[in-house]
Amino acid sequence: MSGTGAAPAGADLVIRGALLLDGSGEAPVTGDLAVSGDRITGLGDLARTVGTREIEAAGRALAPGFIDVHTHDDRLLLADPDMKAKTSQGVTSVVVGNCGISLAPLRSKALPPPPFDLLADAPEYCFAGIGEYFAALDAAPPATNAVALVGHSVLRHDTMDSLDRPANDREIAQMRDLMAEAMDEGAIGMSSGLFYPPARAAATAEVMGVAEALTAGDGIYTAHIRDESEHVLDAIEEAAAIARHADVQVIISHHKCAGAANHGRSVETLALIDKLRSEQRLGLDLYPYVAGSSVLLAELTRDAARVLITWSRAMPEAAGRDLADIAAEMGVDQIEASARLQPAGAAYFMMDEGDVRRIMSHEATMIGSDGLPTDVHPHPRLWGTFPRVLGHYAREEGVLSLADAVRRMTGLPAAEFGLKDRGLLRPGAFADLVLFDPETVADRATFDEPLRTAAGIDAVFVNGEAVWTDGAATGARPGRAIRRSETNRGR
Ligand code: ZN
Ligand code: CU
């Protein structure tokens, strides 16, 4: 790294003496960084640069803003544009539309079935096209940047009269047309959630047919795979085959081996992932917890050692309580108790710590929160994912180096998703930045107290503007809705 030259220069902001973690995974160096407008304009020794505003950052780490590759923030971006759950962790960009569900394109008045209620509970929050969704974000910008996927389950809902069967050729063609239109309007790709009831009946060939719409624009395909427990290997193979058919990149979402019988099997899944990666573009993401979370489903309670209710419309007071206790009070089994709580959501303790660490350590694994912002008592991943990786897993447990942990939140996801000029500290890149204390950064959100903000995040900048400082949102909303044409997928 070098300075910007001999002549004294001005900048809007100079951050001095920080430990620069540039997002590449390289060992950090101490240096200065200058910002003017929305870009990084200098990096290295900037003794001759004068900032309108200066921050002395000795002892602090400075990194590219974190990219949350797996979110369900589609509605949050509009409903709570300060995005505090994310900016408080250092997140500056989010990928929405995962797990087969997105707010667009939805032309029908009827809401899609669960798990769509993880996103929104009213039809007025939906959009006929992704272009309209982007326009709403342009009109009322949030604090973070966003890129959008379109959910396959939503395409099914909008195209088919019944979701419990495979789509016919005409319906597949209609979904493909809708997906192609969404790509033209700026979606970066498609997600599927073949595990979930609205898409469970979809044949592999159906998803292949719809995914053909991704080929021309080099869209990305993210997969909540059909089975994350006993048949996890088959399900990874299926997602990979869909991507091969369409000649696109695939991301295995929130990779896990669920259920005690499958603990330890990440040895097998990662070996399969390595083999597939030698043949095609395939990546993966993970949240750093042994519990998952979703809507309340009997199939998921079966695999879980403990089930924590995160919301229930039938019994709101159940949020934050164990399903086992609720069932005991009701004098029924957990299946019956689940039925009485519907519609509802839950966190499921179903993973093995060794698997979480093994998957986290895989060279291709990105960090994605999968946080559920509409939940009353959410899984703590919503507020804690990124500081937990930096504090607990990197600093305390040594599972990753700090530089490698940052890479998995910045440079790697920017490259995988094609986010142009983001994810690295480089002159000319967008000034999405997080300044944090590497000695104290930590998640404080827990399963008992899930809404606690992280420790050690000093300041967060999006496109050059501060969005989080001194433990609070600044109120600035400089985030951008990033269309595919503005990414490296703009072909
Ligand atoms: Zn999912
Ligand atoms: Cu998800």
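# Exercises on a predicted model with a copper and a zinc ion

The structure holds zero disulfides. It is a predicted model, and the exercises below work through its metal sites, cysteines, core and strands.

**Exercise 1. State whether C257 is in a disulfide, and whether it is buried or exposed.**

Step 1. A disulfide is a covalent bond between the sulfur atoms of two cysteines. The cut-off for the pair of sulfur atoms is 2.5 Å.

Step 2. For C257 the nearest cysteine sulfur belongs to C99 and is 17 Å away, and C257 is in no disulfide.

Step 3. C257 has 2% relative accessibility, so it counts as buried. C99 also counts as buried, because its relative accessibility is 4%.

**Exercise 2. Find the protein donors of the copper ion (ligand 2) and classify their arrangement.**

Step 1. The copper ion (ligand 2) has as protein donors H70 through NE2, H72 through NE2, C99 through SG and D370 through OD, which lie 2.1 to 2.3 Å from it.

Step 2. Along the sequence, these donor residues follow the spacing H-x1-H-x26-C-x270-D.

Step 3. Four donors count as tetrahedral if all angles lie between 85 and 135 degrees. Around the copper ion (ligand 2) the four donor atoms subtend angles of 87 to 164 degrees, so the arrangement is irregular.

Step 4. Two of the donor residues can be checked for burial. H70 is buried because its relative accessible area is 0%; H72 is buried because its relative accessible area is 2%.

**Exercise 3. Find the residues that coordinate the zinc ion (ligand 1), and which residue bridges it to the copper ion (ligand 2).**

Step 1. Coordination of the zinc ion (ligand 1) comes from C99 (SG), H224 (ND1) and H254 (NE2), at 2.0 to 2.2 Å.

Step 2. The sequence spacing of these donor residues is C-x124-H-x29-H.

Step 3. C99 and H254 link distant parts of the chain, 155 residues apart: C99 is in the loop between β7 and α3, and H254 is in the loop between β11 (249-252) and α9 (266-277).

Step 4. H254 counts as buried because its relative accessibility is 2%.

Step 5. The bridging residue is C99, and the zinc ion (ligand 1) and the copper ion (ligand 2) lie 3.0 Å apart.

**Exercise 4. Place P105 in the fold and list its contacts.**

Step 1. P105 sits in the loop between β7 (91-96) and α3 (130-139).

Step 2. With a relative accessible area of 4%, P105 is therefore buried.

Step 3. Leaving aside residues up to four places away in sequence, P105 touches F127, A128, G129, V150, V154, L155 and D158.

Step 4. P198 is 93 residues from P105 along the chain, and their C-alpha atoms are separated by 16 Å.

**Exercise 5. Describe the largest nonpolar core.**

Step 1. This core has 130 residues, and Y133, M179, Y221 and F436 have the most contacts inside it.

Step 2. Helix α8 (residues 232-246) supplies the largest share of this core, nine residues.

Step 3. Apart from this core lies another, of 19 residues, among them L13, A18, A429 and A466.

Step 4. Y221 can be taken as an example. Beyond residues up to four places away in sequence, its contacts include M190, V207, L214, I242 and V250.

**Exercise 6. Decide how far strand β13 is enclosed, and find its partner strand.**

Step 1. Five of the five residues of β13 (residues 291-295) are buried, so the strand is largely enclosed by the rest of the structure.

Step 2. β13 pairs with strand β15 (residues 344-349) in the antiparallel sense, over five bridges.

Step 3. In one of these strand contacts, G292 has Y348 of β15 as its bridge partner.

How values were computed. Residues are numbered from 1 along each chain as its sequence is written. Chains are lettered from A and ligands numbered from 1 in the order in which they are written. This is a predicted model: local features need pLDDT of at least 70, side-chain atom pairs count only at pLDDT 80 or more; totals for chains, interfaces and linings use all residues. Side-chain values use heavy atoms; hydrogens and water are left out. Buried means under 20% relative accessible area, exposed over 50%, partly exposed in between (1.4 Å probe, protein chains only). Donors are N, O and S atoms within 2.8 Å of the metal (3.2 Å for Na, K and Ca); water is not among the atoms, so sites may look incomplete. Four donors count as tetrahedral if all angles lie between 85 and 135 degrees; four count as square planar and six as octahedral if opposite donors are over 155 degrees apart and all others between 65 and 115; anything else is irregular. Helices (H or I, at least four residues) and strands (E, at least two) are DSSP runs, numbered from the N terminus. Contact means heavy atoms within 4.5 Å. A nonpolar core is a set of buried Ala, Val, Leu, Ile, Met, Phe, Trp, Tyr and Cys residues joined through side-chain atoms within 4.5 Å. Two strands pair if DSSP finds at least two bridges between them.
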